[in-house]
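Subject: Model handover and notes

Dear colleague,

Please find the model below, with my notes after it. Please read the notes with the structure open.

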Amino acid sequence: MEVGAAAFERRLPRLRSRVRRAAFLALDMEFTGLHSTDPQSNQPSLFDSPAERYRKARHSVQRFAVAQLGLAIFSNENSNNTHFLSHYGFDYRKFLEDGIPYMNEVQEQILSQHLLAGSSEVSSALDRDVLKKAIDEVTSWIAAAEEESSMILQDLSGYQMFEVQLVLRKALQNVWTQPLGDKKVMVKKVSRQHRQLLENSPYDYCRKELVLLSARGFTNLFQTLVKAKKPLVGHNMLMDLMHLHDKFYKPLPESYEEFKRNIHNLFPVLIDTKTVTKSIWKKCPFPHVTNLLEVYEVLCSNLNPKGSTCPVITLASDCSRYAEKKSPHEAAYDAFLCGSVLLKSAHLLLCRSTDDAVEADPSFSQYLTVLAEYLNKVNVIRGGVSSINFSGEDTPCKHPPALVVHVRGWSGLNERQIYEEFKALCRFDVRRLSKNQFILLSNKFKHVRPVLQDYKHHPHLRVSVYGHWRHSPRVSCLLQVSGIVALWSLLAFVVGGAPCCSL
């Protein structure tokens, strides 16, 4: 189901209850952008260390917003059977019209200080335009309006409903406001005495704690996810985790290690289905797949030898359209796929781990046991590590040997031109080593030998396997310095050791 700002607060208690009873949670996000293209150095690369990849991704996360958030809540409704029910999938792709607001702890603290000070500062240029329109409507109406009469302001979304009320109440002492839902606010002309009574009412929807509750929006549910400590499942979920941290917890720290510690404290059990399925595809003769939907379809097909004994995954009635229509890149649908892939993958691993027949109703804790080697290892797309380990040290990738391109008689070449030269053979990442040398790095062993063969007699480009002692600029510099020192030492010895002539 799709949940916007108007329905979110009403459904929040039920969502919280479902989260607390869940076996695990699957999450997916869509963003207004993924990777910044300016500067070029922020693009992901096989040369990236985990800290370098975090730095690049942090730059993008700070620039882009969350456009959709999908959450699938999987629970075993009956402990005696294997029917996992996905209760909810919701997104807020209409975030500009009916978006669920959110804020991190720093933003909440700033808002709280503004509310305590009675500030009516407006948060954005878009909100200022909305506010100006509302004030114009109210001031035009109130001059001729009778006491106790009212008007309705419409098309107010998210936190705008509260900003409009705070500003109107501060500017006009003879009005009262009340939210009506469905993006509407009622403005009523009242006497000063009536106004004082209303201000002291416990049912005032503009009280600080209620404003904060509404302004926090999805952050209220995020805090429930954190407290519940349920396993959190995603697919290629690094960017999801970074946005969760930045948008709902705290601004991303500069330190990569601090980010890892924070995420592990928030979500002690992470499962990235990309990490799991990469391993399964190496063990099983499944066809090549390129996306989450294709993975799901293979695991649901006859190609999966254990598919017939997998748990039955039943969609809730308000999510039944996902059983009838594929909706890839819709966050709620992808969250459902992600959780389903996890269950089917875990069941396949459980069956492969024993020669005995798997019991009819395996528990989720049994699945977690066979998933142990994948827990908290989040996939890294094209980087210096294959995954980030949020509960330990990162393990470097086993890349094919790096190649060195030595340029002769072809001046002015840059990294981009070298990339274009070799891209017909395979996709290499390129980094300048020295004025006339470049390093090529691939993630596929089969691409290295053809390049060495094809460029064996090239008139301008000589390609060889990178050797640290042979090609490292630091080693070359050290050898040069050592050579100079040795030469001066020899010269000093020769000069110092020559016989002296005397008259």
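Which residue of strand 14 stands opposite valine 430? The partner of valine 430 is leucine 440.

Some conventions before the rest. The model is predicted, so local features need pLDDT of at least 70 and side-chain atom pairs count only at pLDDT 80 or more, while totals for chains, interfaces and linings use all residues. Residues are numbered from 1 along each chain as its sequence is written, and side-chain values use heavy atoms, with hydrogens and water left out. Helices (H or I, at least four residues) and strands (E, at least two) are DSSP runs, numbered from the N terminus.

Confidence

pLDDT is the predictor's confidence in each residue, from 0 to 100. The protein averages 82, and 81% of the residues score at least 70. Over residues 78-84 pLDDT stays under 50, yet the model has 23 contacts (heavy atoms within 4.5 Å) beyond four places in sequence for them. Over residues 498-503 pLDDT also stays under 50, and there the model has 0 contacts beyond four places in sequence.

The sheet

Four strands form an open, antiparallel sheet in the order 13-14-12-15. Its edge strands are strand 13 and strand 15 (461-465), each of which pairs on one side only. The twist averages 25 degrees from one strand to the next; axes are lines fitted to C-alpha atoms, for helices over the stretch in contact, and angles run from 0 to 180 degrees between N-to-C directions. Two strands count as paired if DSSP finds at least two bridges between them.

Strand 13 (residues 429-434) and strand 14 (residues 437-441) are antiparallel over 5 bridges, and a hairpin of 2 residues joins them. Besides the valine 430 pair, arginine 431 has isoleucine 439 of strand 14 as its bridge partner. Strand 12 (residues 403-407) runs antiparallel to strand 14, with 4 bridges, and antiparallel to strand 15, with 5 bridges. Valine 404 stands opposite isoleucine 439 in strand 14 and opposite serine 464 in strand 15.

In strand 14, 5 of 5 residues are buried (under 20% relative accessible area; exposed is over 50%, partly exposed in between; 1.4 Å probe, protein chains only). Gln437, Ile439 and Leu441 point one way, and Phe438 and Leu440 the other way. Helix 17 (residues 415-422) lies across strands 12, 13, 14 and 15, at about 130 degrees to strand 13.

Helices 12 and 13

Serine 279 sits in helix 12 (residues 273-283) and is buried, with a relative accessible area of 15%. The side chain of serine 279 makes a polar contact with the side chain of tyrosine 374 (2.8 Å). A polar contact is a pair of N or O atoms within 3.5 Å; within protein, one must be able to donate a hydrogen and the other to accept it, and residues adjacent in sequence count only if both atoms are side-chain atoms.

In helix 13 (residues 292-300), the buried residues are Leu292, Leu293, Val295, Tyr296, Val298 and Leu299. The buried residues of helix 13 pack against helix 12 and helix 15 (331-352). At the start of helix 13, a side-chain oxygen of asparagine 291 comes to within 3.2 Å of the backbone nitrogen of leucine 293.

Regards
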